[in-house]
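Student: Got a minute to go through this one with me? I'd like to start with the glycine that caught my eye.
Tutor: Sure, put it up.

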Amino acid sequence: MYAPMRPHHIAPRLTTGAFILYSGLQHLHADERTGQGLHSMTAGAYPVVDRMSPHRFTRLLACAEVGLGAALLSPMVPTALAGAALTTFASSLVGLYLRTPGLHKKGSPLPTEEGIPLAKDFWLLGIGLGFLCDRQAWTRPCLAVCRK
């Protein structure tokens, strides 16, 4: 069994988990206008999203955010698994940021004024990659049985 959470994982898991969980709960109760805005922005970067209705997309996004936020907050979910999920989710958000015109300066990943709220997705990606690169997140704890 892998070690669920090490002490140095607690702060980044709590902050990212709470942030993502809150976002998911907000999206669960999103009005039609918010859902259409999320859908159109995402469909501009990922055309496959255009195949589903704005309501369905917003519900799926909300469920994914709630699940990921809860996994990050749960001490029973191994950090390596939570990090893999966070990295996957954040990668799609960074892709959205980089593919949407006007959010970053031309030829640069630096945000424009409109892109600053989405530039935080790079932090989420960095935290997820940090979890994945942490050897301690992947090692098995030495049980008392192993010491005999």
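Student: Which residues does G17 touch, leaving out those up to four places away in sequence?
Tutor: G17 touches P12, G69, L72 and L73. Keep in mind that this is a predicted model.

Student: Where does G17 sit?
Tutor: G17 is part of helix 1, which covers residues 10-28.

Student: Is G17 buried or exposed?
Tutor: G17 counts as buried, because its relative accessibility is 0% and the cut-off for buried is under 20%.

Student: What's the C-alpha separation between G17 and L73?
Tutor: It is 5.3 Å, for two residues 56 apart along the chain.

Student: Zoom out. How many helices and strands are there?
Tutor: The protein chain has seven helices and zero strands. In sequence order the pattern reads α-α-α-α-α-α-α.

Student: How much of the chain is buried?
Tutor: 36% of the 148 residues count as buried. The exposed area of the chain is about 9,100 Å², and 67% of that comes from carbon and sulfur atoms.

Student: And contacts: what share is long-range in sequence?
Tutor: Take the contacts with a separation of 6 or more. Residues 24 or more positions apart account for 67% of them.

Student: Now the core. How many residues are in the largest nonpolar one?
Tutor: That core has 18 residues. I20, L68, L72, L86, F89 and L124 have the most contacts inside it.

Student: Which elements give two or more residues to it?
Tutor: Helix 3 (54-73), helix 4 (79-99) and helix 6 (121-133) do. Helix 4 gives the largest share, six residues.

Student: Pick L86. What does it touch, beyond four places in sequence?
Tutor: L86 touches T16, I20, L68, L72, L124, I127, G128 and F131. L72 also turned up among the contacts of G17.

Student: Change of topic: aromatics. How many aromatic pairs does the structure hold?
Tutor: The structure holds one. Y97 and F122 form this pair, and the geometry is edge-to-face.

Student: What are the numbers, and why is that edge-to-face?
Tutor: The rings are 5.4 Å centre to centre, with 90° between the planes. The pair counts as edge-to-face because planes over 60 degrees apart fall in that class.

Student: Which helices does the pair link?
Tutor: Y97 is in helix 4 and F122 in helix 6, so the pair links distant parts of the chain, 25 residues apart.

Student: Are the partners buried or exposed?
Tutor: Y97 counts as buried, at 1% relative accessibility. F122 is partly exposed, with a relative accessible area of 32%.

Student: Which nonpolar surface patch includes F122?
Tutor: F122 makes a patch with L98 and W123, of about 350 Å². Patch residues need over 30% relative accessible area, and F122 has 32%.

Student: Last one: T42. Where is it, and what does it contact?
Tutor: T42 lies in helix 2, residues 32-45. Leaving aside neighbours within four places in sequence, T42 is in contact with V49, F57 and L96.

Student: Is T42 buried or exposed?
Tutor: T42 is buried, because its relative accessible area is 11% and buried means under 20%.

Conventions. Residues are numbered from 1 along each chain as its sequence is written. This is a predicted model: local features need pLDDT of at least 70, side-chain atom pairs count only at pLDDT 80 or more; totals for chains, interfaces and linings use all residues. Side-chain values use heavy atoms; hydrogens and water are left out. A nonpolar core is a set of buried Ala, Val, Leu, Ile, Met, Phe, Trp, Tyr and Cys residues joined through side-chain atoms within 4.5 Å. Buried means under 20% relative accessible area, exposed over 50%, partly exposed in between (1.4 Å probe, protein chains only). Helices (H or I, at least four residues) and strands (E, at least two) are DSSP runs, numbered from the N terminus. Contact means heavy atoms within 4.5 Å. Patches are made of residues with over 30% relative accessible area and no salt bridge: like charges are joined within 9 Å, nonpolar side chains (Val, Leu, Ile, Met, Phe, Trp, Tyr) within 5 Å. Accessible areas come from the Shrake-Rupley method with a 1.4 Å probe; for residues, only the protein chains shown count as cover. A salt bridge is a side-chain nitrogen of Lys or Arg within 4 Å of a carboxyl oxygen of Asp or Glu. Rings of Phe, Tyr and Trp (its six-membered ring) pair if their centres lie within 6.5 Å; planes under 30 degrees apart count as stacked, over 60 as edge-to-face and the rest as tilted.
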